[in-house]
Amino acid sequence: MRQNRRIATAAIALLLVAATGGCGAGNGDGGGGDGRSQTGWPDKIVFAAVPAGEASTFKDHYGLFIRALSEEVGIEVETFQAADYAGVIEALIAGSVDMAQLGAFSYALAVQNGAEIEPTGLLQHRKGDQPGYVVLGVTGASSKLSSVEDFRGRTVCFPDPASTSTLLPLFEFSKAGLAPDRDFTRLVVPAGNTIPRAVKRGDCEIGLVADAQLENAIRTGDVAEGELKAFWQVRAPHSPVVTRSALPDDLRAKIRTATLKINSEYLEERGWCTGDACLVSSNRDYGYLPVEHSYYQIIWDACEATRIEACGPIGS
């Protein structure tokens, strides 16, 4: 592990947003679902995430997961809606948040900046998918672009500079001898889910977008099926839900078991939703897989190789 390497203290800013009201269904007595006292357990835990789009989507994306988590663990779960990952990381470091949905890069940033957390589950987009997701290089359907060399001389739409979907492509470009601003023009589009629309409008010739984001853009009508094509791709580690290590061991174990149990089928079987309404997270995922810290070593490797600003100064 390279946890002693420093990544981007500059990327961590106090940009917290006030916590929303409690969404948990626990009994609030600090005990399990059967009413027994759990020595050392807090009365409640706080779950944080960053909404994709309007603030109201936070409940749509995480409300049912939080409800199920509360019932499975037997504890009240409140929500904390942050403006960005920097706010979530600061809350984790301060101990005001107990669980959070992070990205792979923001998980590394959190660890490097002193958050004592452990990955509890790894998002799985579809049932049966292997761990991880794919970052696609997309362009217009009629384009002749076909390889990494075709990034040269183009305008490329990138998502947030501190995102995995930026870092991993830059890592691959560095292996091919490509450098941003020297070999191609970089246009940052912080809301990565809008990149397919930006490519469609002609703001950039190429867009870097997660496979799930492209699916969502087609589903919501931002782009039509077949309007864009993917000509390049790189696999990236998917996003973890994390838990503060300071929570009692038995509580963390119960949270982990519940997280891995809750998926869209579980939620539908409970009668709480049907179809796509049961999907979890802002990318509308199936559920979670088991994960260990070592899965994210590639983030440290990519930062060491690219030394992009978002990674900050990295030393041995």
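**Disulfides, pockets and buried residues**

Q: In this predicted model, which cysteine does a disulfide join to Cys157?
A: A disulfide is a covalent bond between the sulfur atoms of two cysteines. In this predicted model, the sulfur atom of Cys157 has its bonded partner at an S to S distance of 2.1 Å, and that partner is Cys204.

Q: How many residues apart are Cys157 and Cys204, the pair that links distant parts of the chain?
A: Cys157 belongs to strand S6, which covers residues 155-158. Cys204, on the other hand, sits in the loop between helix H5 (195-201) and strand S8 (206-210). The disulfide therefore links distant parts of the chain, and the two cysteines are separated by 47 residues.

Q: Is the disulfide of Cys157 and Cys204 left-handed or right-handed?
A: The handedness follows from the torsion about the S-S bond of Cys157 and Cys204, which is about -105°. Because of that torsion, the disulfide is left-handed.

Q: Is Cys204 buried or exposed?
A: A residue counts as buried when its relative accessible area is under 20%. Its bonded partner Cys157 has a relative accessibility of 0% and so counts as buried. Cys204 has a relative accessible area of 4%, and therefore it is buried.

Q: How many disulfides does the structure hold?
A: Besides the link between Cys157 and Cys204, a disulfide joins Cys273 to Cys278 with an S to S distance of 2.1 Å. Cys303 and Cys311 form a disulfide as well, with their sulfur atoms 2.0 Å apart. When the bonded cysteines are numbered in sequence order, the pairing reads 1-2, 3-4, 5-6. The number of disulfides in the structure is three.

Q: Which handedness does the link of Cys273 and Cys278 have?
A: Both ends of this link are covered, because Cys273 has a relative accessible area of 9% and Cys278 one of 0%. The angle about the S-S bond is 120°, and the link of Cys273 and Cys278 is right-handed.

Q: What is the angle about the S-S bond in the link of Cys303 and Cys311?
A: Cys303 and Cys311 are both buried. Their link is left-handed, and the angle about its S-S bond is -70°.

Q: Which helix gives the largest share of the lining of the second largest pocket?
A: Rolling a probe the size of a water molecule over the atoms shows where empty space is left. The second largest pocket has a volume of about 170 Å³, and its lining includes His125, Glu215, Asn216, Arg219, Asp276 and Tyr286. By class, that lining has two nonpolar, three polar and six charged residues. Three of the lining residues make up the largest share, and they come from residues 211-219, which form helix H6.

Q: How many of the 10 residues of helix H2 are buried?
A: Helix H2, which spans residues 85-94, is mostly covered. Among its buried residues are Ala86, Val88, Ile89 and Leu92, and the buried residues of H2 pack against several elements, including strand S1 (44-49), helix H3 (104-112) and S10. The count of buried residues in H2 is seven.

Q: Which residue at the start of H2 brings a side-chain oxygen to within 3.2 Å of the backbone nitrogen of Ala86?
A: Ala86 is one of the buried residues of H2. At the start of this helix, the backbone nitrogen of Ala86 is reached to within 3.2 Å by a side-chain oxygen of Asp84.

Q: Is His238 buried or exposed?
A: His238 is placed in the loop between strand S9 (228-236) and strand S10 (240-244). Leaving aside neighbours within four places in sequence, His238 is in contact with residues that include Leu122, Tyr133, Asp285 and Tyr296. Its relative accessibility is 4%, so His238 counts as buried.

Q: Which residue has its backbone oxygen 2.8 Å from a polar atom of the side chain of Thr259?
A: Thr259 lies in helix H7, residues 249-261, and it is buried because its relative accessible area is 0%. Not counting residues up to four places away in sequence, Thr259 touches, among others, Phe65, Leu69, Met99 and Tyr288. The backbone oxygen 2.8 Å from a polar atom of its side chain is that of Ile255.

Q: How far apart in space are Ala224 and Lys200, C-alpha to C-alpha?
A: Ala224 is placed in the loop between H6 and S9, and it is partly exposed because its relative accessible area is 41%. Ala224 and Lys200 are 24 residues apart in sequence, and their distance in space, C-alpha to C-alpha, is 9.6 Å.

Notes: Residues are numbered from 1 along each chain as its sequence is written. This is a predicted model: local features need pLDDT of at least 70, side-chain atom pairs count only at pLDDT 80 or more; totals for chains, interfaces and linings use all residues. Side-chain values use heavy atoms; hydrogens and water are left out. On a 1 Å grid over the protein atoms alone, a cavity is a set of points where a 1.4 Å probe fits but cannot get out, and a pocket is an open set with protein on both sides within 12 Å along at least five of seven lines; lining residues have an atom within 4 Å of a point. Grid points are joined across faces, edges and corners, and a volume is the space filled by probe spheres set on the points. Helices (H or I, at least four residues) and strands (E, at least two) are DSSP runs, numbered from the N terminus. Ala, Val, Leu, Ile, Met, Phe, Trp, Tyr, Cys and Pro count as nonpolar, Asp, Glu, Lys and Arg as charged, and the others, Gly among them, as polar. A disulfide is a pair of cysteine sulfur atoms within 2.5 Å. Buried means under 20% relative accessible area, exposed over 50%, partly exposed in between (1.4 Å probe, protein chains only). Contact means heavy atoms within 4.5 Å. A polar contact is a pair of N or O atoms within 3.5 Å; within protein, one must be able to donate a hydrogen and the other to accept it, and residues adjacent in sequence count only if both atoms are side-chain atoms.
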